[in-house]
Amino acid sequence: MWLIPAFAAIILIGLDQATKYLALTNLKPIGSMVFMKGFLDFTFVENRGVAFGMFSGQRWFILLLTAVITVALLYYYNKLPRTKEYQLVRMVMILIFSGAIGNMIDRVFRGYVVDFFEFSFFRFPVFNVADIYVVVGVCILAFLILFVIKEPEEKKKDE
């Protein structure tokens, strides 16, 4: 029951950590490089906050908040009905969990999160693979909650 989701999370976290290792070893010494001119650059950033630099320097608060979020994700993942219609919700929760853990690993062992993707065609914060997991996962989860998951008919009749 937990084997496949745990394996998926390990793979996703491993991919995130591998890209951050590449950024640390190859990008940190040079700072920045053009990847796709006019679209995407690789720029090494030590992010000591969260999205858009919020809570910068609040490492312990961010770690605590991340721990609470990951425990909540695991709790709700476990409480979800084991039906086919919730399968995508479960996958998305694994994606969000993996992103949270990937960035948490950085904060625990480095004191900052390694960011390196930078859009050059518009102003947007530098980000990493774990950030992609979280943002994509939250967007899909919101869509599923708002437009796809329906309340069971029995519950509607009771109210």
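Here is a walk through this predicted model, from the overall layout down to a few single residues.

Let's start with the big picture. The protein is built from 5 helices and 3 strands, and if you read along the sequence they come in the pattern α-β-β-α-α-β-α-α. Lay the C-alpha trace along its principal axes and you get a span of about 60 × 35 × 30 Å. Of the 159 residues, 37% are buried. Take the contacts between residues at least 6 apart in sequence, and 65% of them join residues at least 24 apart.

Now find helix α1, which covers residues 3-27. Its 25 residues reach 35 Å from the first C-alpha to the last, close to the 36 Å expected at 1.5 Å a residue. Plenty of residues in α1 are buried, including Pro 5, Ala 9, Ile 13, Asp 16, Thr 19, Ala 23 and Leu 27. What do the buried residues of α1 pack against? The list takes in two strands, β1 (32-36) and β2 (40-47), along with α2, α3, β3 and α4.

Zoom in on one residue of α1, Thr 19. Its relative accessibility is 19%, so Thr 19 counts as buried, the cut-off being under 20%. The side chain of Thr 19 reaches the backbone oxygen of Asp 16 at 2.7 Å. Setting aside residues up to four places away in sequence, Thr 19 touches Phe 116 and Val 129.

Val 129 takes us straight to helix α4, which runs over residues 129-148. This helix has 20 residues and reaches 27 Å between its end C-alphas, close to the 28 Å expected at 1.5 Å a residue. Right at the start of α4, a side-chain oxygen of Asn 128 comes to within 2.9 Å of the backbone nitrogen of Ala 130.

Which residues of α4 are buried? They are Val 129, Ala 130, Tyr 133, Gly 137, Leu 141 and Leu 144. Looking down the axis of α4, these buried residues fall within an arc of 95°, so they line one face of the helix. There is a simple rule behind such spacing: an α-helix has 3.6 residues a turn, so residues three or four places apart point the same way. The buried residues of α4 are covered by, among others, α1, α3 (87-109) and β3 (113-119). On the face turned away from the buried side you'll find the exposed residues Val 135, Cys 139, Leu 146 and Phe 147.

Val 135 also turns up at the largest pocket, whose volume is about 760 Å³. Of the 31 residues that line this pocket, the closest to its centre are Ala 51, Asn 103, Asp 131, Val 134 and Val 135. Four elements, α2 (59-79), α3, β3 and α4, each give two or more residues to the lining.

Let's finish in helix α2, with Leu 73. At 12% relative accessibility, Leu 73 counts as buried. Leaving aside neighbours within four places in sequence, Leu 73 is in contact with Met 93, Ile 96 and Phe 97. How far is Leu 73 from Glu 46, C-alpha to C-alpha, and what separates them in sequence? They are 27 Å apart in space and 27 residues apart in sequence.

Note on methods
Residues numbered from 1 in each chain as written. Predicted model: local features only at pLDDT ≥ 70, side-chain atom pairs only at ≥ 80, totals over all residues. Heavy atoms only, no water. Expected span 1.5 Å × (residues − 1). Buried < 20%, exposed > 50% of the residue type's maximum accessible area, 1.4 Å probe, protein only. Arc of directions from axis to C-beta. Contact = heavy atoms within 4.5 Å. Polar contact = N/O pair within 3.5 Å; in protein donor to acceptor, adjacent residues only side chain to side chain. 1 Å grid on protein atoms, 1.4 Å probe; cavity = no way out; pocket = protein on both sides within 12 Å on 5 of 7 lines; lining within 4 Å. Points joined across faces, edges and corners; volume = space filled by probe spheres on them.
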